[in-house]
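Here is a short report on a protein fold. It covers overall shape, the sheet and its helices, and internal space.

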Amino acid sequence: MTDDRLLISLCTYNERENLADLITEIHEHAPQADVVVVDDNSPDGTGDLADELAAADSRIHVEHRAGKLGLGSATLAAFEFAMAADYTYLLNMDADFSHHPRYIPELLDCMPQADVTIGSRYVSGGDIVGWGFKRHFMSRGVNLYARLLLGLSTSDNSGAFRCYRVAKLRELDFSAIRATGYAFQEEILYRLRRIGCRFVETPVVFEDRRYGSSKINMGEAFAAVGVIFLLAIDRLRGVPVTRA
């Protein structure tokens with residue numbers, strides 16, 4: 001991995017309390033990594049703090065967006081940044097410590113055999129700490145639904161803790177992506193599966209955020225159901241997923 005360029009993406013909205021400590025821990029486990037913060041004009045000043053951190057450390061970059069445009073579109077912005085700068089791998093993680101940086105080396109260790117490594121809550125050794133019944137039900141239900149409709153064989157299709165091979169991302173037609181919110185996680189796996197990507201899952205323990213409040217709700221869950229249904233229709237019709 002020493003010759004491979006790694007970018008870690010953090011999509012933020014009101015994560016000021018977490019950001020500095022998280023980036024410090026990221027660099028403890030992956031000192032070679034660059035970090036891009038994609039901030040959706042956070043009212044709490046997350047973007048301003050990110051600029052301060054970037055001014056002090058050349059490994060940190062910041063992409064400012066005009067407003068809260070959705071997690072999916074923010075992740076796409078990170079993909080575009082990684083492709084433009086010719087990174088080898090793009091590792092995405094939540095910005096609230098629910099994805100702990102201690103797992104980064106394990107995700108990277110899988111990449112020689114994978115195009116996408118998923119930090120999985122739902123394989124042996126994975127777990128979730130701090131959730132109630134409602135969130136467990138929503139997550140399990142969406143994952144089962146995605147496997148059935150999209151032909152996915154992976155266990156954790158809704159989590160965002162993943163490492164992608166940037167060369168494979170280049171093959172996709174991003175303009176055709178339907179999801180702007182949380183359904184992006186299932187959609188990008190579906191599209192990458194369609195181009196023959198190799199998936200590996202490695203166990204992680206998901207810990208509920210340290211500060212702030214979760215941004216997922218029933219509205220996002222229902223939106224994900226709708227997007228997955230439309231993708232299932234695309235699958236039946238054989239709609240292309242690659243760039244023209």
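The report below moves from the whole chain to the sheet and then to the cavity.

**Overall shape.** This is a predicted model. The protein has eight helices and nine strands. Its C-alpha atoms fill a box of roughly 50 × 40 × 40 Å along the principal axes. The radius of gyration is 17 Å. A compact globule of 244 residues would have a value near 18 Å, so the protein agrees with that expectation.

**The sheet.** Seven strands form an open sheet with mixed pairing. Their order is 3-2-1-4-7-5-8. Strand 3 (60–64) and strand 8 (199–203) stand at the edges. Each has a single partner strand, so one side of each is left without a neighbour in the sheet. From one strand to the next, the twist averages 20 degrees.

Strand 1 (residues 6–12) and strand 4 (residues 89–93) run parallel. Five bridges join them. Ser-9 has its bridge partner, Asn-92, in strand 4. Strands of a sheet pair through backbone hydrogen bonds.

**Helices on the sheet.** Which strands does helix 1 lie across, and which does helix 3 touch? The table sets out both, with the angle to strand 1.

| Helix | Strands | Angle to strand 1 |
|---|---|---|
| Helix 1 (residues 16–29) | strand 1, strand 2 (34–39), strand 3, strand 4 | about 165 degrees |
| Helix 3 (residues 71–84) | strand 1, strand 2, strand 3, strand 4, strand 7 (162–165) | about 155 degrees |

Helix 3 thus has strand 7 on its list of contacts.

**Internal space.** How many cavities of 30 Å³ or more are there? The count comes to one. The largest cavity holds about 40 Å³ of space. Its lining includes His-99, Gly-119, Arg-121, Asp-156 and Gly-159. Ala-160, Phe-161, Val-204 and Phe-206 also line the largest cavity. By class, this lining has four nonpolar, three polar and two charged residues.

Note on methods. Residues are numbered from 1 along each chain as its sequence is written. This is a predicted model: local features need pLDDT of at least 70, side-chain atom pairs count only at pLDDT 80 or more; totals for chains, interfaces and linings use all residues. Side-chain values use heavy atoms; hydrogens and water are left out. Two strands pair if DSSP finds at least two bridges between them. Helices (H or I, at least four residues) and strands (E, at least two) are DSSP runs, numbered from the N terminus. Axes are lines fitted to C-alpha atoms, for helices over the stretch in contact, and angles run from 0 to 180 degrees between N-to-C directions. Contact means heavy atoms within 4.5 Å. On a 1 Å grid over the protein atoms alone, a cavity is a set of points where a 1.4 Å probe fits but cannot get out, and a pocket is an open set with protein on both sides within 12 Å along at least five of seven lines; lining residues have an atom within 4 Å of a point. Grid points are joined across faces, edges and corners, and a volume is the space filled by probe spheres set on the points. Ala, Val, Leu, Ile, Met, Phe, Trp, Tyr, Cys and Pro count as nonpolar, Asp, Glu, Lys and Arg as charged, and the others, Gly among them, as polar. The radius of gyration is taken over C-alpha atoms; the globule rule is 2.2 Å times the number of residues to the power 0.38.
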